[in-house]
Amino acid sequence: MNPTRLFEFLEFQVNNQPLEKTLSTKYADKWISISSNQFLEEVEKISLSLIKMGVNKGDKIALISTNNRTEWCIMDLAILQLGAITVPIYPTITAREYKYILNHSESIYCFVSDKVIYDKINQIRNEITTIKEIFSFDLINYCKSWTLLKSEDNSSYKKDLISYKKKVNPEDIATIIYTSGTTGTPKGVMLSHGNIVSNVLSSSKKLPLDIGNSKALSFLPVCHIFERVILYVYYYNSVEIHFAESLETISENLNEVCPNFMTAVPRLLEKLYDKIYAKGSTLNGIKKKLFYWAVDLGLKYQPYRGNGIFYELKLVIARKLIFSKWKKAMGGNLEIICSGSAALQPRLARVFTAAGITIAEGYGLTETSPVLTVSDLRNNSLKIGYVGKPIDGVKIKIAKDGEILCKGPNVMKGYYKDPKKTAEVIKNGYFHTGDIGFIDKEGFLKITDRKKQLFKTSGGKYIAPQLIENQMKQSLFIEQIIVIGEGQKMPAAIIQPSFEYVNQWAIEKNIKLHDEIENICNNNKLIETIQKEIDFYNDNFSQWEKIKKFKLTPEVWSIELGHLTPTMKVKRRIVEEKYKELIDKIYA
């Protein structure tokens, strides 16, 4: 019988296909694993302690962790099986944002991963009205350790735990996730056990996981619903989960774990491809020619032998000589990368899939738990440039203005304490996604832009910035870009160059660059080269859509400095505010 509540996924694993290493985290250069049975025992111990502490059904408990780790997963399920509500929070937000979310959610306990997070919370401790206590996963002076909850003998509460679990209904709220968003105040998305369970069961059908024999590397923030649902998918399908230490150590962790599956956001795939491509440029002679031949072949890839038998023969050679090295560099066993959170450039889907690492692009939102559609190489369900077909139970239609509308068991209960905003997005049973797209005759969905990001020039022409940005980001010189021009006579762009690639380019061309980023951005030869890149990609657009001017930014856009969301999407409004002077110069 399939689970109906989130904590039952672990019970399902224990009863059907238990693992010796279900969760693995690296501490002080050593991987520490726990089995399915140990995982379940730890969850029960924490639940019993929470009962003793007075946690009741409907209480909110915040979870904040710098990196994904075993402790987070134990706390998550321990809270959920009491009918309490988890409030996962991004570790990179400001103390002011912590204060807002903790107060708005009325969280009564807060579990943090380390001293950095604890210090940030401690700054505003007196301004948070409902928090009774903070616990830490790491040992920190003056902060209670979460191990206290495991060490106590609370076996006398076992009957209470049985009673708590029975009272949890699929319709009950399981989590409140505050959307990071690219603009505005965070909204608390209320998702029930049933919302997320339905998504896990339907998504599992689209992912060819070898039950009990697969490994996954997890590194996207688990506080984000995309990675969190994937964890539940792993529980349900008995997939070993290994948590990467950080974004910086992914290459090392891939080779240690040798996973079959992982998730990624497009920006990470872009950076990975750019590094591989840049490395190819350092080769010499026949090796260099073979490398570029294989890449060019990969960029023409069509699934299901769409390019004919001669192309497939060449692809076999390319995989043996070149692409096999790509796979080896990523652990050797990687078969599928599930990409979500933002639009993926078709070239990346082509070249990685050609290399034997299928990119399964999906689409969804926090409000939809999150998956609405996903690509699947099986059953002719992958079409490059599209985000797949709807998963079971989800219905999608396109409004007259092009907006994507959806309904299904995965659509949220609403925004916490905000019925007005809930009513604005859920109308006549359909959730209004805010995304623009279309469904082709084969039933594949294509996303073209965000409704709120479309703008008009002073000449009355509509501009879809995301389409233009995705084209421009194919240039190895461009790390990040936003297209601007609302109410102006022409579209323009603010660009963060790929400083790593620029430095390599300068060495090859014998161009002297000063170390300071600001000087690099004012280098005339670099500006001329990026102009040529923009001119090349401008050919894909109508005259009114072409980028006429641009400015380079003198710093790296990052999550820490506020340019990017935790899933590496550009915060458009923030970037426009930060570089107002550059924008003014463009339109002066």
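The paragraphs below go through a predicted model, beginning with its cores and helices and ending with its strands and loops.

A convenient place to begin is helix 1, which covers residues 8-16. Glu8, Phe9, Leu10, Gln13 and Val14 of this helix are buried. An α-helix has 3.6 residues a turn, so residues three or four places apart point the same way. The buried residues of helix 1 pack against four other helices: helix 2 (36-52), helix 3 (70-80), helix 8 (193-204) and helix 9 (225-236).

Next comes the interior. In soluble globular proteins, nonpolar side chains tend to be buried together. The largest nonpolar core of this model has 138 residues, and within that core Phe39, Phe111, Tyr235 and Trp326 touch the most other members. Helix 9 gives the most to this core, contributing ten residues. A second core, of 29 residues, lies apart from the largest one, and its members include Ile468, Tyr501, Cys521 and Tyr537.

Phe111 shows what surrounds one of these core residues. When neighbours within four places in sequence are left aside, Phe111 is in contact with Leu50, Ile61, Ala62, Leu63, Ile64, Met75, Phe135, Phe137, Trp146 and Leu149. Strand 5 (107-112) is preceded by a loop that separates it from helix 4 (95-105), and Glu106 lies in that loop. Glu106 is not a glycine, yet its phi is positive, near 60 degrees. Its relative accessible area is 34%, so Glu106 counts as partly exposed, given that the range for this class runs between 20% and 50%.

Two helices further along can be taken as a pair. Helix 11 (residues 266-280) and helix 12 (residues 285-299) pack with their axes 9 Å apart, at an angle of about 150 degrees. From helix 11 the contact takes in Tyr273, Ile276, Tyr277 and Gly280, and from helix 12 it takes in Lys288, Phe291, Tyr292, Val295 and Leu299. Sorted by class, the residues of this contact are seven nonpolar, one polar and one charged.

Helix 13 (residues 309-329) holds Arg319. Is Arg319 buried or exposed? Neither word fits, because its relative accessible area is 33%, which makes Arg319 partly exposed. Not counting residues up to four places away in sequence, Arg319 touches Tyr301, Ser324, Thr353, Ala354, Ala355 and Gly356. One of these, Thr353, offers its backbone oxygen, which the side chain of Arg319 reaches at 3.3 Å. Gly298 is 21 residues from Arg319 in sequence, and their C-alpha atoms are 9.5 Å apart.

The strands follow. Strands of a sheet pair through backbone hydrogen bonds, either parallel or antiparallel. Strand 14 (residues 358-364) and strand 15 (residues 371-374) are antiparallel and pair over three bridges. In this pairing, Gly362 stands opposite Val374. The two strands form a hairpin with six residues between them. Ser369 sits in the turn and has a positive phi of about 75 degrees. Ser369 is also joined to Pro370 by a cis peptide bond, with omega about -10 degrees. Pro370 belongs to the loop between strand 14 and strand 15.

Strand 15 has a further antiparallel partner in strand 16 (residues 389-390), joined to it by two bridges. Here Thr373 has Pro390 as its bridge partner. The loop between strand 15 and strand 16 contains Asn379. Asn379 has a positive phi, near 55 degrees, in a residue other than glycine. Asn379 is exposed, with a relative accessible area of 67%.

The last element is an open sheet of three strands in the order 25-26-27, with mixed pairing. Strand 25 (478-484) and strand 27 (549-552) stand at the edges, and each has a single partner strand, so one side of each is left without a neighbour in the sheet. Neighbouring strands in this sheet are turned against each other by 25 degrees on average, direction ignored. Strand 25 and strand 26 (residues 492-497) run antiparallel and are joined by six bridges. Across this pair, Val483 stands opposite Ala493 of strand 26.

Terms used: Residues are numbered from 1 along each chain as its sequence is written. This is a predicted model: local features need pLDDT of at least 70, side-chain atom pairs count only at pLDDT 80 or more; totals for chains, interfaces and linings use all residues. Side-chain values use heavy atoms; hydrogens and water are left out. Buried means under 20% relative accessible area, exposed over 50%, partly exposed in between (1.4 Å probe, protein chains only). Contact means heavy atoms within 4.5 Å. A nonpolar core is a set of buried Ala, Val, Leu, Ile, Met, Phe, Trp, Tyr and Cys residues joined through side-chain atoms within 4.5 Å. Two strands pair if DSSP finds at least two bridges between them. Axes are lines fitted to C-alpha atoms, for helices over the stretch in contact, and angles run from 0 to 180 degrees between N-to-C directions. A polar contact is a pair of N or O atoms within 3.5 Å; within protein, one must be able to donate a hydrogen and the other to accept it, and residues adjacent in sequence count only if both atoms are side-chain atoms. Ala, Val, Leu, Ile, Met, Phe, Trp, Tyr, Cys and Pro count as nonpolar, Asp, Glu, Lys and Arg as charged, and the others, Gly among them, as polar.
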